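Let's take a quick walk through this fold, starting with the strands and ending with the core. Keep the viewer open as you read.

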Amino acid sequence: MAPPIGQKQWTSVSHRMQFWGRPSSFDTVSWGYEGRNYLVTRPEDGSPARHWPVRCPVCSTPLNYTVHSVAATRRRRSHRWIGMVVSFAIGLGGFSIPFIISGGDVRFIIMFIIVGLGIGAGFLFLQFAAHDAGFAGHGASWPSATKHKVILAESDSRPGSPSAFGTGLDVPPS
Ligand SMILES: [Zn+2]
């Protein structure tokens, strides 16, 4: 479980060490990441997001993240939860298409498209909501194995240790 959103936030900036993911168990793929933790102070609630320039601790690429306040991060998450609920509702509502419009096989094609898009979008929103830590930029809040990853950390303990960074990112099947 990710650490709670706080004003002062230990944050790990890490670099993906492989191009291809390795199968880690029968249904997941993981990438190894290495990096270090930083203590980041979020802007006050109601203040605009601030820029946080940092160099990748592995490859020294300059990275520039946008850091949102605690309230803004909660808002971003709740918008995505709402997006998830609406998308799933549209997807499930699609099953009623064959009953409310007349016609031949076309109505079933329309049903499959709406159900597929709605449920697909719902899972995307779910992933975005779960991954959003209020950091934006360089794919930070994207639910994928980006080259540079920003995730919340428990503390500054064990910087660089395999248990802190080596477990990588597990991508469940979608
Ligand atoms: Zn890097």
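How many bridges join strand β1 to β4?

## The sheet

This is a predicted model, so keep that in mind throughout. Strand β1, residues 8–16, is held to β4 by 9 bridges, and the two run antiparallel. If you want a spot to find that pairing in the viewer, look at Lys8, which stands opposite Thr41 in β4.

Zoom out a bit and β1 turns out to belong to an open sheet of 3 strands, ordered β4-β1-β8, with antiparallel pairing. The edges are β4 (33–41) and β8, each of which pairs on one side only. On average, neighbouring strands in this sheet are turned by 25° against each other, ignoring direction.

## Helix α1

Next up is α1, residues 70–93. How far apart should its ends be? Counting 1.5 Å a residue, its 24 residues should span 34 Å, and the end C-alpha atoms are indeed 34 Å apart, so the two figures agree.

The buried residues of this helix are Thr73, Arg80, Met84 and Ser87. Part of what covers them is α3, residues 106–131.

## The core

Which residues make up the largest nonpolar core? There are 10 of them: Val13, Val40, Tyr65, Val67, Ala133, Phe135, Ala140, Val150, Ile151 and Ala153. Two strands, β6 (62–67) and β8 (148–152), each supply at least two residues of this core. You've already met β8 as an edge strand of the open sheet.

Methods. Residues are numbered from 1 along each chain as its sequence is written. This is a predicted model: local features need pLDDT of at least 70, side-chain atom pairs count only at pLDDT 80 or more; totals for chains, interfaces and linings use all residues. A nonpolar core is a set of buried Ala, Val, Leu, Ile, Met, Phe, Trp, Tyr and Cys residues joined through C-beta atoms within 7 Å. A residue is buried if 20 or more other C-beta atoms lie within 10 Å of its own, exposed if 12 or fewer, and partly exposed in between; C-beta atoms are placed from the backbone. Helices (H or I, at least four residues) and strands (E, at least two) are DSSP runs, numbered from the N terminus. The expected span of a helix is 1.5 Å times one less than its number of residues. Two residues are in contact if their C-beta atoms, placed from the backbone, lie within 7 Å. Two strands pair if DSSP finds at least two bridges between them. Axes are lines fitted to C-alpha atoms, for helices over the stretch in contact, and angles run from 0 to 180 degrees between N-to-C directions.
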